[in-house]
Amino acid sequence: MLVHYLENTFQQKIDAETRIEPKDWMPDKYRQTLIRQISQHAHSEIVGMLPEGAWISRAPSLKRKQILLAKVQDEAGHGLYLYSAAETLGISRDEMIAQLHSGKAKYSSIFNYPTLTWADMGAIGWLVDGAAIMNQVPLCRTSYGPYSRAMIRVCKEESFHQRQGFESLLVLCQGSAEQKAMAQDALNRWWWPSLMMFGPHDSDSTNSEASMQWKIKRFSNDELRQRFVDMIAEQAKVLGLTLPDPDLKWNEERGHYDFGKINWEEFWQVVGGNGPCNKERLDARKKAWEDGAWVREAAVAHAEKRAARKAAVAA
């Protein structure tokens, strides 16, 4: 009876748009769903630094180098906000990182694709961050308080990243024929993986129904994907680029763009660890963790020494 009462009270809070806070009672499935989603989001921010970080030293100008450095730094901060939000649910950061390194925890499949040219930096900003914004702006109203508050700052910065990516591609498209061709090539390679970022079709998404009921999610995968296609199809016209989808066309009756079929076999292969850069990305994260062990150990030793000094003074 008590559990039934608690569950009803919890759902009433959700329905009333009252944020759930760390000390509030919550169903175990709600807690576990949040841990999975927030940790996956945090891992995606951290792993997402890798494909862009490879281009910092190869940026074509000091201005572009500064922009890319600032963006990668922002992404590191996003990961830290999100790990902190997940920790309020009772999981440690070390445990989340161990799950990432073991392959138990996932991160966005988009980051398992290689960055082949400088134009990829613009495509990632425009498409990948654009898809992230479409996913994440509704999370500013998600039902779990620490997550929703973290997302407000994250979304402000991601919006800037998306504009920066679009501007970078616009400069290329207004340059030489070779530069515009490079931008088109980047779009061709990143378009379909960007659509996959929204996850599987609603009918194949095992967690969507509960997440919608608990208002962790506000919109379904397919709804957000459609909004993204409608947005990018118009922005591509400004760039003078062509989306690599022969089935893309405006549907007057629906008031949306129709688009072609996504290669879901590729999506599940990448999610399953068989993408072009899966091993490379995880190896890089594991090496960074191992190489940073002495820093963590030194920080703990320093904190213990300070605490001992304070205790000695107090005595």
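Let's start with how the helices are named: helices (H or I, at least four residues) and strands (E, at least two) are DSSP runs, numbered from the N terminus. Keep in mind that this is a predicted model, where local features need pLDDT of at least 70, side-chain atom pairs count only at pLDDT 80 or more, and totals for chains, interfaces and linings use all residues. Residues are numbered from 1 along each chain as its sequence is written, and side-chain values use heavy atoms, with hydrogens and water left out.

A handy place to step in is helix α5 (residues 93-102). Just past the end of α5 you'll meet Gly103, which has a positive phi of about 90 degrees. Within α5, the residues Met96, Ile97, Gln99, Leu100 and His101 are buried; buried means under 20% relative accessible area, exposed over 50%, and partly exposed in between (1.4 Å probe, protein chains only). Those buried α5 residues pack against α2, α4 and α12 (278-291).

Now look at α5 together with α2. Two packed helices are described by the angle between their axes and the distance between the axes. For α2 and α5 the angle is about 70 degrees and the axes are 11 Å apart. Here the axes are lines fitted to C-alpha atoms, for helices over the stretch in contact, and angles run from 0 to 180 degrees between N-to-C directions. That makes α2 roughly perpendicular to α5, a label for 65 to 115 degrees; under 35 counts as roughly parallel, over 145 as roughly antiparallel, and the rest as oblique. On the α2 side, Ser39, His43 and Val47 make the contact, and on the α5 side Met96, Ile97 and Leu100 do. Contact, by the way, means heavy atoms within 4.5 Å.

Next stop: Glu52, which sits in helix α3 (residues 49-53). This residue is buried, with a relative accessible area of 1%. Leaving aside residues up to four places away in sequence, Glu52 touches Leu68, Lys71, Val72, Glu75, Met121 and Ile124.

Finally, let's turn to the charged pairs. The whole structure holds 17 salt bridges, each one being a side-chain nitrogen of Lys or Arg within 4 Å of a carboxyl oxygen of Asp or Glu. Take Lys13 and Asp24, whose closest N and O atoms are 3.7 Å apart. Lys13 belongs to helix α1 (residues 2-15) and Asp24 to the loop between α1 and α2 (28-47), so this pair ties together parts that are eleven residues apart in sequence. Lys13 is partly exposed at 30% relative accessibility, and Asp24 is partly exposed too, at 22%.

Another salt bridge joins Arg64 and Glu167, with 2.9 Å between the closest N and O atoms. Arg64 is in helix α4 (residues 62-87) and Glu167 in helix α7 (residues 145-173), so the parts they tie together are 103 residues apart in sequence. Arg64 is buried at 9% relative accessibility, while Glu167 is partly exposed at 30%.

Then there's Asp120 with Arg189, where the closest N and O atoms are 2.6 Å apart. This pair links distant parts of the chain, 69 residues apart: Asp120 in helix α6 (residues 119-136) and Arg189 in helix α8 (residues 177-196). Asp120 is buried at 0% relative accessibility, whereas Arg189 is partly exposed at 22%. To round off the tour, find Glu17, Lys215 and Arg218, which are linked in a network of salt bridges.
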